[in-house]
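Student: Could we go through this one together, question by question?
Tutor: Gladly; here it is.

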Amino acid sequence: MIENCNNADIIAKQDIQNKEIKIFIIGGIGPVAYPSDSIFENKYHVSYFDFADLSPNKECVLKYNVEVFNYLTLTFGKCWKKEIRKDAYGLKHWKRKKKLP
C-alpha cells in the first residue's frame, strides 16, 4: 500500500497510466464483493480493493481515490457515479468538494 500520503496522488496517476487502477474500499471484518462489481470493473477498467479489517491510512486512501474519481469523470463523464459502489472510500467527500480544475 501507499507508505507516504504525499505520494498517494502520484501513485494513482502512475496506476492510471499503467492501467492498474484501483478503487479502495475500507470495509468491515471481511471483504465484500457484489455481483455488480465485476460489471463496473470491466466497464471502467478498474478494480475494487477492499481492505476489510486491515487499517490503512485513510488520508492516503482518500488522496488516491480522489485522483481516480477525477480520472473517471474526465474519461467517462458523470455516468460512472451512478454505478460505483457507494462505499468507495472518499466518494461522498469528493462529490462535495469536486476536486476537478
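Student: Which elements are included in what covers the buried residues of H1?
Tutor: This is a predicted model, and in its helix H1 the residues Ala8, Ala12, Asp15 and Ile16 are buried. They span an arc of only 100 degrees around the axis, which puts them on the same side of H1. The cover over these buried residues includes E1 and H3.

Student: Why would buried residues in a helix be three or four places apart?
Tutor: An α-helix has 3.6 residues a turn. Residues three or four places apart therefore point the same way.

Student: Which residue with a positive phi follows H1?
Tutor: Look just past the end of the helix. The phi there is near 60 degrees, and the residue is Lys19.

Student: How many residues of strand E1 are buried?
Tutor: E1 takes in residues 21-25 and is mostly covered. Buried means under 20% relative accessible area. Of the five residues in E1, the number that are buried is four.

Student: What is the bridge partner of Lys22 in E2?
Tutor: E1 and strand E2 (residues 46-50) run parallel and are joined by five bridges. Within E2, Lys22 has as its bridge partner Ser47.

Student: What is the handedness of the β-α-β unit that E1, H2 and E2 make?
Tutor: The two strands run parallel. Helix H2 (residues 35-44) completes the unit with E1 and E2. The β-α-β unit is right-handed.

Student: Within what arc do the buried residues of H2 fall?
Tutor: The buried residues in H2 are Asp37, Phe40, Glu41 and Tyr44. Seen down the axis, they line one face of the helix, because they fall within an arc of 100 degrees.

Student: And what does the cover over those buried residues of H2 include?
Tutor: Both strands of the β-α-β unit, E1 and E2, take part in the cover. Two helices are also included, so to complete the list we have E1, E2, H3 and helix H4 (80-83).

Student: Is Asn42 buried or exposed?
Tutor: Asn42 is found in helix H2, on the other side, together with Pro35 and Ile39. The cut-off for exposed is over 50%. At 60% relative accessibility, Asn42 therefore counts as exposed.

Student: Which element supplies the largest share of the largest nonpolar core?
Tutor: That core has 22 residues, and Ile23, Phe40, Phe69, Leu72, Trp80 and Ile84 touch the most other members. H1, E1, H2, E2, H3 and helix H5 (91-97) each supply at least two residues. The largest share, six residues, comes from H3.

Student: Which residues does Trp80 contact, leaving aside its neighbours within four places in sequence?
Tutor: Trp80 is among the core residues that touch the most other members, and so are Phe40, Phe69 and Leu72. The contacts of Trp80 are Phe40, Tyr44, Phe69, Leu72, Thr73, Leu91 and Trp94.

Student: How many residues apart in sequence are the parts that the disulfide ties together?
Tutor: The structure holds one disulfide, which joins Cys5 to Cys60 with an S to S distance of 1.9 Å. Cys5 lies in the segment before helix H1 (8-17) and Cys60 in helix H3 (residues 58-76), so the parts tied together are apart by 55 residues.

Student: What is the handedness of that link?
Tutor: Both ends are buried, Cys5 at 10% relative accessibility and Cys60 with a relative accessible area of 1%. The value about the S-S bond is -95 degrees, and the link of Cys5 and Cys60 is left-handed.

Technical notes
Residues numbered from 1 in each chain as written. Predicted model: local features only at pLDDT ≥ 70, side-chain atom pairs only at ≥ 80, totals over all residues. Heavy atoms only, no water. Disulfide = S-S within 2.5 Å. Buried < 20%, exposed > 50% of the residue type's maximum accessible area, 1.4 Å probe, protein only. Pairing = 2+ DSSP bridges. Right-handed = clockwise from strand over helix to strand, strands pointing away. Arc of directions from axis to C-beta. Contact = heavy atoms within 4.5 Å. Core = buried A, V, L, I, M, F, W, Y, C linked by side-chain atoms within 4.5 Å.
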